[in-house]
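Trainee: I would like to learn how to read a ligand site and a helix pair. Please take me through them.

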Amino acid sequence: MIKTDFLVIGSGIAGLSFAVKAAREFPDRQVTVITKSEMVESNTRYAQGGIAVVTDFLNDNFDKHKADTEMAGDGLCNSEIVDMVVREGPARLEEIVKMGTDFDRTPEGGYHLGLEGAHSARRILHHKDTTGFNIQNSLMKEAGSLPNIEILEYHFAIDIISQHHMGEKVTRKRDDICCYGAYVMDLNSGSIKTFLSKVTILASGGVGQVYKLTTNPVVATGDGIAMAGRAKAAIEHMQFVQFHPTALYGDEEEQAFLISEAVRGFGAVLKTREGELFMEKYDERGSLASRDIVARAIDTEMKARGDEYVHLDCTHLDQQEFSKRFPNIYKKCLSLGIDLSVDRIPVAPAAHYLCGGVKTDANGRSSILNLYCCGEIACTGLHGANRLASNSLLEALVFAHRCFVDLKNNIDQISHQKDVPEWESAGTTEPDEWILIKHNRVELKNIMHNYVSIVRSDERLQRSLNRLEILYRETEKLYKRTTLSPQLCELRNMIYVAYLIVKQSMGQNENRGTFFNVDRVGQQGHGSLEGTDP
Ligand SMILES: Cc1cc2nc3c(=O)[nH]c(=O)nc-3n(C[C@H](O)[C@H](O)[C@H](O)COP(=O)(O)OP(=O)(O)OC[C@H]3O[C@@H](n4cnc5c(N)ncnc54)[C@H](O)[C@@H]3O)c2cc1C
């Protein structure tokens, strides 16, 4: 049993920026960060486009950023949260700059600001096309320099601990459910450790891996959402999965390489495989319309033509400037034999970002006591039905800070729970079970790809639910008789998350933002999401 003051689950921008703040403020307290892979592996490290913050007050202002966020969110953003996030942006930005994050500058010394879809002003700070990697590295360096932060790589959180593990049956949401820490598998030894914490910060990121095509790395299996859900936390807006319109087609199996929206901001345009422009048919902003519109337009064109991808045309752009601004994308394309001066890039939409997640208040508190959430796992009210590009790194920084400030004032009142039992392991691993786990994972990803993707229908949702129920039953059987493995835990979590996406999609009675159901066409309006949380 390991005791710590702050248990942070996840080592992306949200987890590490919280950990750094807590460790600096409380040098005598212990901050433990656990992460299931290498510390660097996260959605954060792959962020390309940048972070949206108002810094050019001559051409931009908070009201514009707020209006753009709310326009993308399609009527479901929480206006107070949006206002708070955009206004706190500059202060949070300066903190990571002080930590060593390096944003591109103009020759005059100001920030070089990129433009992305649905932004009415240039406000995207970036480090070439590897912004996330730069942020991740500066946070890892800072966290590594603080003696009271312990970072445990290859530690997989299985479940958060609550009354449920103390012999009390918690079968529904209640106001008094409390988190006491987490059960964590040490992947080096295979042992399951009990971490007792005063507070637990879930910063375990997104869910992209539940889909066959995704820009997210293999760690993005929605573990935190499933853990919080099993503990009966409120979870919302799972039906709003954002598909990035332009993932490189036909490259990697597990994680599709992203062609950032900033490339369209730089002047690239979408065309059919025959070379026709098509975006203007769907939106007057053309290739720079918001992501949901672009992704749906591409999906429609692909289906109409029986194509598996469309093209992104960069041939008319200044190639030297392009390679300077997007060295990573340029290199990647070249490595696949795509010469951007003559060849167009094959692209298709891929699952990219979860707008919903564990419901939090303005301070990152979940509905479970002493359980905070920040980053992509959280549903804070910022994104509504669709996230504005580059708002997620911003949200993660702002909410990690809000969690920290809230805890700064009340950590002294929280003590460790007594008499928490150790995890009970049982079961045997039979070699043929690994292949069953793998098959079920592939099947799950196909179900979500085929039936719960950009365009949904009542029939497809019902089909997906029927199939998920079979996968659920099979996997629970395996779970009962098999020694715990991260593969099995991930599969269980992915099924749970997929179930939430399907059930909350079924409860969504109108098309909004990223959500589109052909059987809801014509049912626009501000809908209620009540009753959709299974
Ligand atoms: C290709 C790509 C490009 C993007 N570009 C941008 C962009 O330009 N601008 C922008 O604002 N956003 C962008 N995003 C989104 C943004 O990167 C993410 O939303 C954000 O980085 C999420 O940060 P996070 O800290 O919440 O989660 P992550 O960075 O994903 O970190 C989650 C962490 O939790 C760990 N973890 C997960 N499960 C467990 C478990 N069971 N036990 C222990 N540890 C666990 C993971 O290993 C990881 O360390 C992009 C995303 C992708 C995939």
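Mentor: Start with the shell around the ligand: 13 nonpolar, 20 polar and five charged residues. Ala, Val, Leu, Ile, Met, Phe, Trp, Tyr, Cys and Pro count as nonpolar, Asp, Glu, Lys and Arg as charged, and the others, Gly among them, as polar. This is a predicted model, where local features need pLDDT of at least 70, side-chain atom pairs need 80 or more, and totals for chains, interfaces and linings use all residues. Numbering runs from 1 along each chain as its sequence is written, and side-chain values use heavy atoms, without hydrogens and water.

Trainee: Which residues come nearest to the ligand?

Mentor: Thr44, Gly50, Asp223, Glu376 and Ser392, of 38 around the ligand (a heavy atom within 4 Å).

Trainee: Which polar backbone atom is 2.7 Å from a ligand nitrogen?

Mentor: A polar contact is a pair of N or O atoms within 3.5 Å. Here the backbone atom belongs to Gly50. A backbone N or O of Asn43 lies 2.9 Å from a ligand oxygen. The Ser11 side chain places an N or O atom 3.0 Å from a ligand oxygen.

Trainee: How do I read two packed helices?

Mentor: Two packed helices are described by the angle between their axes and the distance between the axes. Helices α5 (residues 223-230) and α13 (residues 486-506) pack at about 75°, axes 8 Å apart. So α5 is roughly perpendicular to α13 (65 to 115 degrees). Their contact (heavy atoms within 4.5 Å) includes Asp223 of α5 and Tyr496 of α13.

Terms used
A polar contact is a pair of N or O atoms within 3.5 Å; within protein, one must be able to donate a hydrogen and the other to accept it, and residues adjacent in sequence count only if both atoms are side-chain atoms. Axes are lines fitted to C-alpha atoms, for helices over the stretch in contact, and angles run from 0 to 180 degrees between N-to-C directions. Helices (H or I, at least four residues) and strands (E, at least two) are DSSP runs, numbered from the N terminus. Angles under 35 degrees count as roughly parallel, over 145 as roughly antiparallel, 65 to 115 as roughly perpendicular and the rest as oblique.
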